[in-house]
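Here is a friendly tour of one structure, taken feature by feature. Keep the 3D view open as you read.

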There are 2 protein chains.
Amino acid sequence: MLKIPENQVAGHFARNGKLGPLVDGSGRFYKPLQGGDRGCSEVSFYTSFSLDGRIPDHIRRFFPTFYGTELVEASDGSGLKSHLVLEDFTAGRVNPSIMDVKIGSRTWPPQAPEKYIAKCVEKDHGSSSLLLGFRFSGLQFHSINETGFWKPGKKSIQGFSADEVQLVLRNFVSSNTSKELELKPDCAFASVVFGGPTGILSQLLELKAWFEDQTVYHFFSSSIHIMYEKQLALQGKNPRAEIKLIDFAHVVEGRGVIDHNYLGGLCSLIKFVSEILKVTNKECQTNVLPKDAQRDHDMSVNGTYC
Amino acid sequence: MLKIPENQVAGHFARNGKLGPLVDGSGRFYKPLQGGDRGCSEVSFYTSFSLDGRIPDHIRRFFPTFYGTELVEASDGSGLKSHLVLEDFTAGRVNPSIMDVKIGSRTWPPQAPEKYIAKCVEKDHGSSSLLLGFRFSGLQFHSINETGFWKPGKKSIQGFSADEVQLVLRNFVSSNTSKELELKPDCAFASVVFGGPTGILSQLLELKAWFEDQTVYHFFSSSIHIMYEKQLALQGKNPRAEIKLIDFAHVVEGRGVIDHNYLGGLCSLIKFVSEILKVTNKECQTNVLPKDAQRDHDMSVNGTYC
């Protein structure tokens, strides 16, 4: 029994009789093949990638597992349709907070048709991509006190300025996330989500090292999906902070050249994340309190994670 | 007494009554202020950069020293004209081999006028920039046996493919550089020019580390000037391998974002250089000869540098 995914933040949504991805509730994600060349292109990427012996395991884990294609009943009621069957990496997660970040200042391969390039150039100029080297495609931030979450529309987030991006990233790892981002985020979970040997920053840096070297694939209009579980963080448990690369309808061969467009955008994102950790660590250091005060401080939410 | 520089490889040339840069023969380079906003823009970059306390010394050394502006007799006979007075970093060098590499897949700042962007987009598409993240703007390769050198025109080199770029970089550090690059380059000087703690690769990596962090300046249409002296390398002396950043008519403020366009192109260039060193080192390792043969091998030019 396939159903609409709860934690999808970007792309087409299978709602109101529209065509979109489905999940089986036991770990598989069914993505309908996109129209035109894009569907075929994504299938051939997954097929080639899953067989590619040049991809080291510590990098392969950042990609969804590929289970082939399958004809399943489409969400728009149009009958059987070919779907990519992929790992559903939000399966088993409770209220994951998610960011979908489209990487690269340029979202089109140089070989693309002129008309397609023109469309992308316009989108890139109107978004954060050109200036920042990446843009948000989707966000879902859970708050800790209510069952609600903040899930803004794509149009409202893809043109964020550097300051707005920083604010969003700080809110992502805060215990006081507000729906309109109007509060000063406390960055309570910054060190456990972004920091540490298995945190988001470490994972992004591993990915970066691979992109500095690999000349096999160039990824255009592809996203990094960043997620963790706030409830776990709040309980002092491992918050399952994880990145996954998604959306491969515009992957082309590298032909001996690194993917400088992706790498540049990735480094820009890394810089934003590093700055938040740097500031958080500095605040912690300057917040060294006298012994008595320290005890009280330790009991606040801030103190627990700072 | 100002004269035409001997070792200029790119830009406008002060020849045949044209306007171009001049040198005083004792270490200063006079660059006429470019037309339109570009002249002013370059002066204000040099002024701001020379006073900028945020630039660490190990990075500042990669930029030409700035001595202000001065009215001097222009090379085209048009009378006194304002010139940037810069360090002439080829002064005192004998037959330097030089590469001028324009960094970035995009050579225009997002804030530039539409007409200028359109012109640059066309140039970038027609050159290596879009695919490789950089392009050659000028080359001057000395051969070791003759006084001649290879100095191809800009048009013939700026559209080089990945394979051609690799061939050029290999020729740059070879003892058997031929004018038409038709021989198999021996990469005899690869390890002493590209490799080692003070070699080109180390310098590029220092620059890269800075670009991963700095959010002060974004450099568009700016070049890295790479040079060394082949005669010194041949004599087993320090070949004075050095990089210098040049051309700052299109520098804009970073406003809290890294220069992902420059960084991506720089990483692409670094990958090409690293590959040559990797192959050279591997060839050396597999070229381990029996003792007697080794002695003969040591006496060949290859053996000396391999």
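## Salt bridges

A salt bridge, as the term is used here, is a side-chain nitrogen of Lys or Arg within 4 Å of a carboxyl oxygen of Asp or Glu. By that criterion the structure, which is a predicted model, holds 28 salt bridges over all chains.

A good one to look up is the bridge between A:R93 and A:E242, whose closest N and O atoms are 2.6 Å apart. This pair links distant parts of the chain: A:R93 sits in the loop between β4 (80-87) and β5 (96-103) of chain A, while A:E242 belongs to strand β10 of chain A, 149 residues apart from its partner. What is the burial state of A:R93? A:R93 is buried, since its relative accessible area is 8% and buried means under 20%. A:E242, at 25% relative accessibility, counts as partly exposed. Both residues also take part in a network of salt bridges, in which A:R93, A:E229, A:R240 and A:E242 are linked.

## A bridge within a helix and a bridge across chain B

Which side chain meets that of A:E275 in a salt bridge? The partner is A:K278, with an N to O distance of 3.0 Å. Both residues lie in helix α10 (residues 260-286) of chain A, and they are three residues apart, about one turn of the helix. A:E275 counts as partly exposed at 24% relative accessibility, and A:K278 also counts as partly exposed, at 43%.

In chain B, the side chains of B:K31 and B:D247 meet in a salt bridge at 3.1 Å, N to O. Here too the pair links distant parts of the chain: B:K31 is in strand β2 (residues 28-32) of chain B, B:D247 is in the loop between β10 (242-246) and β11 (251-253) of chain B, and the two are 216 residues apart. B:K31 is buried, with a relative accessible area of 15%, whereas B:D247 is partly exposed, with a relative accessible area of 26%.

## A positive patch on chain A

Turning to the surface, which residues form a positive patch? They are A:R38, A:K115, A:K119, A:K123, A:K154 and A:K155. Two helices of chain A, α3 (114-125) and α5 (154-157), each supply at least two residues of the patch. Of the contributors, α3(A) gives the most, with three residues.

A:K154 makes a handy landmark within the patch. Its place is in helix α5 of chain A, and at 45% relative accessibility A:K154 counts as partly exposed.

## Two buried residues and their contacts

A:T177 lies in the loop between α6 (162-172) and α7 (190-193) of chain A. Is A:T177 buried or exposed? With a relative accessible area of 9%, A:T177 is buried. Leaving out residues up to four places away in sequence, A:T177 touches A:F141, A:H142, A:S143, A:N171 and A:K230. One of these, A:H142, is 35 residues apart from A:T177 in sequence and 7.6 Å apart in space, C-alpha to C-alpha.

B:V23 offers a second example, this time in strand β1 (residues 22-23) of chain B. B:V23 is buried, with a relative accessible area of 6%. Beyond its neighbours within four places in sequence, B:V23 is in contact with B:M1, B:L2, B:K3, B:I4, B:P5, B:R28, B:F29 and B:D88. The C-alpha atoms of B:V23 and B:E6 are 9.0 Å apart, with their positions 17 residues apart in sequence numbering.

## Positive phi angles

Most residues other than glycine have a negative phi. Where, then, does a positive value turn up in a residue other than glycine? A:D247 is one such residue, with phi near 70°. A:D247 has its place in the loop between β10 (242-246) and β11 (251-253) of chain A, and at 26% relative accessibility it counts as partly exposed.

B:C187 also has a positive phi, near 55°. This cysteine is in the loop between α6 (162-172) and α7 (190-193) of chain B. At 3% relative accessibility, B:C187 counts as buried.

Methods:
Residues numbered from 1 in each chain as written. Chains lettered and ligands numbered in written order. Predicted model: local features only at pLDDT ≥ 70, side-chain atom pairs only at ≥ 80, totals over all residues. Heavy atoms only, no water. Patch = residues over 30% accessible without salt bridge, like charges linked within 9 Å, V, L, I, M, F, W, Y side chains within 5 Å. Areas by Shrake-Rupley, 256 points an atom, 1.4 Å probe, with all protein chains shown as cover. Lys, Arg positive; Asp, Glu negative; His and termini not counted. Charge placed at Lys NZ, Arg CZ, Asp CG, Glu CD. Helix = DSSP H or I, 4+ residues; strand = E, 2+ residues; numbered from the N terminus. Buried < 20%, exposed > 50% of the residue type's maximum accessible area, 1.4 Å probe, protein only. Contact = heavy atoms within 4.5 Å.
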